[in-house]
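Biologist: Before we discuss the fold, could you put the model in front of us and take me through how each term is applied?

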Amino acid sequence: AEPAEAHLGNGMASYYGNELAGRRTASGERFDPGLLTAAHRTLPFGSMVRVTNTRTGKSVVVRINDRGPFSRGRVIDVSRAAASQIGLIGPGHGEVSLTLLDS
C-alpha cells in the first residue's frame with residue numbers, strides 16, 4: 001500500500017550553509033550538511049516530508065530534526081544536500097510544495 005500523504009501547502013524554502021556543520025539542532029542531533037534533513041516550526045522531529053521545488057519539479061524527502069526557519073515568509077530550511085537535489089543552491093531559495101509522508 002502507498003503511504004498516506006498530507007499536503008502541507010506551498011511556501012519559500014532556503015537552506016543551511018556548511019558553516020552550521022556540527023552545531024546541535026533543536027532535536028539534539030548535530031547538523032550534517034550531507035544528510036537529508038530540515039528545520040520546520042511545528043512538525044514533530046522525525047517527520048518525513050517531501051519537498052518539491054515548484055520551478056524544477058524536482059523533489060527530495062527530508063527528515064525534520066530542527067526548529068525554524070525564523071525568517072518571515074519561509075516555511076522550511078533544508079540541508080545543503082537536500083537543496084542541491086532540488087536545485088536551490090544557485091538561487092539560494094525557492095518556492096516549494098511540502099507533503100508530509102505517513103511514517
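**Strands, barrel and globule**

Modeller: Strand β3 (residues 48–53) and β4 pair in the antiparallel sense over 5 bridges. This is a predicted model, in which local features need pLDDT of at least 70 and side-chain atom pairs count only at pLDDT 80 or more, whereas totals for chains, interfaces and linings use all residues. Residues are numbered from 1 along each chain as its sequence is written, and side-chain values use heavy atoms, with hydrogens and water left out.

Biologist: What makes β3 and β4 a pair?

Modeller: Two strands pair if DSSP finds at least two bridges between them, and strands are DSSP runs of E with at least two residues, just as helices are runs of H or I with at least four, numbered from the N terminus. With 5 bridges, β3 and β4 therefore count as paired; in β4, the partner of V49 is V62, and that of R50 is V61.

Biologist: Which sense does the pairing of β2 and β4 take?

Modeller: Strand β2 (residues 37–39) and β4 (residues 59–66) pair in the parallel sense over 3 bridges, with A38 bridged to I64. The closed barrel of 6 strands, β1-β5-β2-β4-β3-β6, accordingly has mixed pairing.

Biologist: Why does the radius of gyration of the protein chain agree with a compact globule?

Modeller: The radius is taken over C-alpha atoms, and the globule rule is 2.2 Å times the number of residues to the power 0.38. For 103 residues this gives a value near 13 Å, and the protein chain has 12 Å, so the two agree.
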